[in-house]
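Biologist: I've got the model open on my screen and I'd like to go through it with you. Can I fire off some questions?

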Amino acid sequence: MEKNIKVNDGTVKTAALRIKNLNKTLGRRQILFDINFEAYRGEVFGFLGPNGAGKTTTIKLITGLLTIDEGSIEIGGYNLKKHYEKALGSIGGIVENPEMYKHMTGMDNLKQYARMRDGVTQERIEEVVKIVGLSNRINEKIKRYSLGMRQRLGVAQALLHRPSLLLLDEPTNGLDPAGIKELRDILKKLAHEENICVLVSSHLMSEMELMCDRVGIINNGKMVGVYTVEEMMRESAGDTSEYIYNVDNAERAAALFSEMEYAVTDDTHIDVVFSGDDVQDRLAQLNCKLIESGVKLYTVSPKEKKKLEDVFIEITQTGGVQIG
Amino acid sequence: MAKMHKLIKNEYIKTWKKVSTKVLFILIALSVLALMGLGKIVQGEMEDNFDYIFDSSMDYNYEINQAEKMKYDGYEVDIEMYNFIMDNEFLPGSWQVSATRDAFSYEVGDKKKIEYNYSQEDRMKLLQCIKNGDWKKYCEFMLQNSKKQGLPEAYTWEYQYRISKNIPLPANTREMFEYPNDVIESVAAAKINLVDSSTSETEDSAYTKEWKDAITLGMYRLENDIELNVAENTSLLESMTVNFWVVFCQSASLITVIGVLIIIIAGSTVANEFSNGTIKFLLINPVKRWKILVSKYVMCVSMGFLMIICLYVLSLLFSIIFFGTEHLNCTYLEVVNGVVESKNGFVHVFKNYMFRSVQVLVMSTLAFAISSLAKNSAMSIGISLFAMLSGNSIVSIFKKELNQDWVRYLVFANTDFNAVINGTSGFANHSLSFAIGVVAIHMFVFFLIAWDGFTKREI
């Protein structure tokens, strides 16, 4: 059922999730407007948006917790409306907080979910417990678990039946920095090595930058766009490169650069802005000229790139920029 | 459907692992123990005060004083009678007491002349028999006397029967209420009633049938020497004694306790998933929502029946422990279409359990429906408990006080199948199929509400 799709960059990918023209109204308020995007197996897809943008509503629609008003959702090639059980069979997920049956042990809880899904053996349960690092505490009651431990159990629950689409709503909530890093590694590994599509929603951009291959940005219920992380970085920085020159005679160097028609953004530090593709060659040429003219050249360093955080704020605040 | 049993298993595990569920089962055991305790107390009271409870006219000195004070016509005869009883130390409830009363019976004739009902010669004979305690001679005398007066067979049957079977008259109150005296007494009374009513103008067919059945049943017991009929030992309040069958039959009333407990479970099974936030993890699974709803409902209903079976077994066990195995092989005798039918007592009690569980089933379905609609366990438990405990009284108030017949269409008027079958439901032409129909429609509506509330809900 899964269709292979040729993506812009030429590689062939399998769509684990395909959302088309999704609309949703809750009460009198329309929450989602014509959402369209696809997520592929083998990637970590970041679903980004500020609070109240519609991330959780979208995830609830994908998991069948909310009913679809308009549009369609396909999971692993199965239409959610027409083949509810088959479509949900390839999803594993955590929606909002990882609340489980507190009066039961972690293992009892996992067994509950195992019974509702196909082909989950006791060995598989133990395997996922190991993956999330809960082996020592799995036979304790959930009421003694910390939020981080419950989050791990939630991930274990989501992985039980080897889903092709893993949906995690704000998964780093309540995790300590070490836990966040561990989770990030687990998710990357699942996506890249086990060919799962991992969809992670978050409002923490710095998190996503380190974890995601592609990012879909949603704002006020509308899809702003889907980008690869590199795309976003490059495009948000423009098609120019900036370098910082550390020299003994800044004025002279600046004059020289201006003569050669390179943009200089700052007279005292001398930031030189390049545009075009042959940056490396022209950089070498420029350095040569500078030394020939007797200016002492101490260091040349590329200016630090913008963080995804800044890009995100820029995008969501201006109502979206066209990239690529 | 392979998945269905796994879903039900899940629901059972979830419910069973709660401490509160275990407490509920302990409560069932405690309520059975409480019933046994109550049975023992009533039994003790009856042992200690049997004569006091069933024969209050024991204080003859007091009676004599009263008679002397009031000096009514013929008081001297009464005093003589009381003295006769006291002098011979007849036990209360013994045949001698009633026979003495009979021998001293009189009428006040013209000029306040005392006229005994028996001739002087007969009285002397009678008192001699009584004094000697010769019940056989007494019976023979009564038999001849009745024949002499031309009374119908009904009046002489008891004496004839006792003489032919050599069954003495009761020697004290206790014997009066024991087999076979109680049976002989009831047959004789029914026979006399039947004869009397046939001569009177107002003949009531319902009573006639009742008396005829009483005679048939009584004769059956006497012929087969059946000491105890389970049908006469079904309630702590109505039975003359407390034995195994009384408490075991009475245990059916504890089904109400189970009703309360199962409403608590049914009213919280859906609502708690919402209030604990676990509903999202439940519904994210590749299982259609209606399947989860059905599995929860099946769990509630089967848990209820499990509790009922638990109650049955515990009651049986404790009844045996507290009241012995003496009457275990007694049967439930009933006259159906003029023929005595002998039924198994255990089956009868179980049938009674099942009849009573109808109300529990309906009310737990109501709790389940409200719980899936309102996501609030307190509300669903509260409403359903109120409905279960006061529904019957509300219906009877509407029917009896306000004469509103439409309340027959309410579910509360139809859950007591026993009353409907026996025609004691309070409604005219109340058939069992009507009751089953009303209950089924209500159940269907409740379940539809639950279905709609659960499968279409946005979470």
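Modeller: Sure, and one term before we start: two strands count as a pair if DSSP finds at least two bridges between them. Keep in mind as well that this is a predicted model.

Biologist: With that term in hand, in which sense do strands S3 (residues 331-336) and S4 (residues 339-344) of chain B pair, and which residue in the turn has a positive phi?

Modeller: DSSP needs at least two bridges for a pair, and S3(B) and S4(B) have six, in the antiparallel sense. One of those partnerships puts B:Tyr332 across from B:Lys343 in S4(B). The two strands form a hairpin with two residues between them, and the turn residue with a positive phi, about 55°, is B:Asn337.

Biologist: Over to chain A: how many helices and strands are there?

Modeller: Chain A has 324 residues, of which 39% are buried. Take its contacts between residues at least 6 apart in sequence: 70% of them join residues at least 24 apart. As for the elements, the count for chain A is eleven helices and 15 strands.

Biologist: Is strand S8 (residues 165-169) of chain A largely enclosed or not, and how many of its residues are buried?

Modeller: In a regular strand the side chains alternate between the two faces of the sheet. Here A:Leu165, A:Leu167 and A:Asp169 point one way from S8(A), A:Leu166 and A:Leu168 point the other way, and all are buried. So S8(A) is largely enclosed by the rest of the structure, with a buried count of five of the five residues.

Biologist: Which residue in strand S9 (residues 197-202) of chain A is the bridge partner of A:Leu165?

Modeller: S8(A) has strand S7 (residues 91-94) of chain A as a parallel partner over four bridges, with A:Gly92 opposite A:Leu166. S8(A) also runs parallel to S9(A), joined by five bridges. In S9(A), the residue bridged to A:Leu165 is A:Cys197.

Biologist: Which element gives the most to the largest nonpolar core?

Modeller: That core has 145 residues, and those with the most contacts inside it include A:Leu166, A:Cys197 and B:Ile262. The top contributor, with 13 residues, is helix H16 (residues 289-323) of chain B.

Biologist: How far apart are the end C-alpha atoms of H16(B)?

Modeller: H16(B) has 35 residues, and the expected span is 1.5 Å times one less than the number of residues. That gives 51 Å, and the model agrees, with the end C-alpha atoms of H16(B) separated by 50 Å.

Biologist: Now helix H6 (residues 120-132) of chain B: why are its buried residues on the same side?

Modeller: An α-helix has 3.6 residues a turn, so residues three or four places apart point the same way. In H6(B) the buried ones are B:Leu126, B:Cys129 and B:Ile130. They sit on the same side of H6(B) because the arc they cover around the axis is only 100°.

Biologist: What covers the buried residues of H6(B), and which exposed residues are on the face turned away?

Modeller: The cover includes helix H5 (95-103) and helix H7 (135-149) of chain B. On the face turned away from the buried side, the exposed residues are B:Gln120, B:Glu121, B:Met124 and B:Asn132.

Biologist: Does B:Ile114 count as buried or exposed?

Modeller: B:Ile114 is in strand S2 (residues 114-116) of chain B. Leaving aside neighbours within four places in sequence, B:Ile114 contacts B:Gly74, B:Val77, B:Tyr106 and B:Val108. The cut-off for exposed is 12 or fewer other C-beta atoms within 10 Å, and with 12 such neighbours B:Ile114 counts as exposed.

Biologist: Last one: which element gives the largest share of the side of chain B that touches chain A?

Modeller: The contact takes 26 residues from chain A and 20 residues from chain B. On the chain B side, the elements giving two or more residues are helix H1 (2-16) and helix H15 (279-283). By class, that side has eight charged, seven nonpolar and five polar residues. Its largest share, five residues, comes from H1(B).

Definitions and conventions. Residues numbered from 1 in each chain as written. Chains lettered and ligands numbered in written order. Predicted model: local features only at pLDDT ≥ 70, side-chain atom pairs only at ≥ 80, totals over all residues. Buried ≥ 20, exposed ≤ 12 C-beta atoms within 10 Å, placed from the backbone. Contact = placed C-beta atoms within 7 Å. Nonpolar A, V, L, I, M, F, W, Y, C, P; charged D, E, K, R; others polar. Arc of directions from axis to C-beta. Core = buried A, V, L, I, M, F, W, Y, C linked by C-beta atoms within 7 Å.
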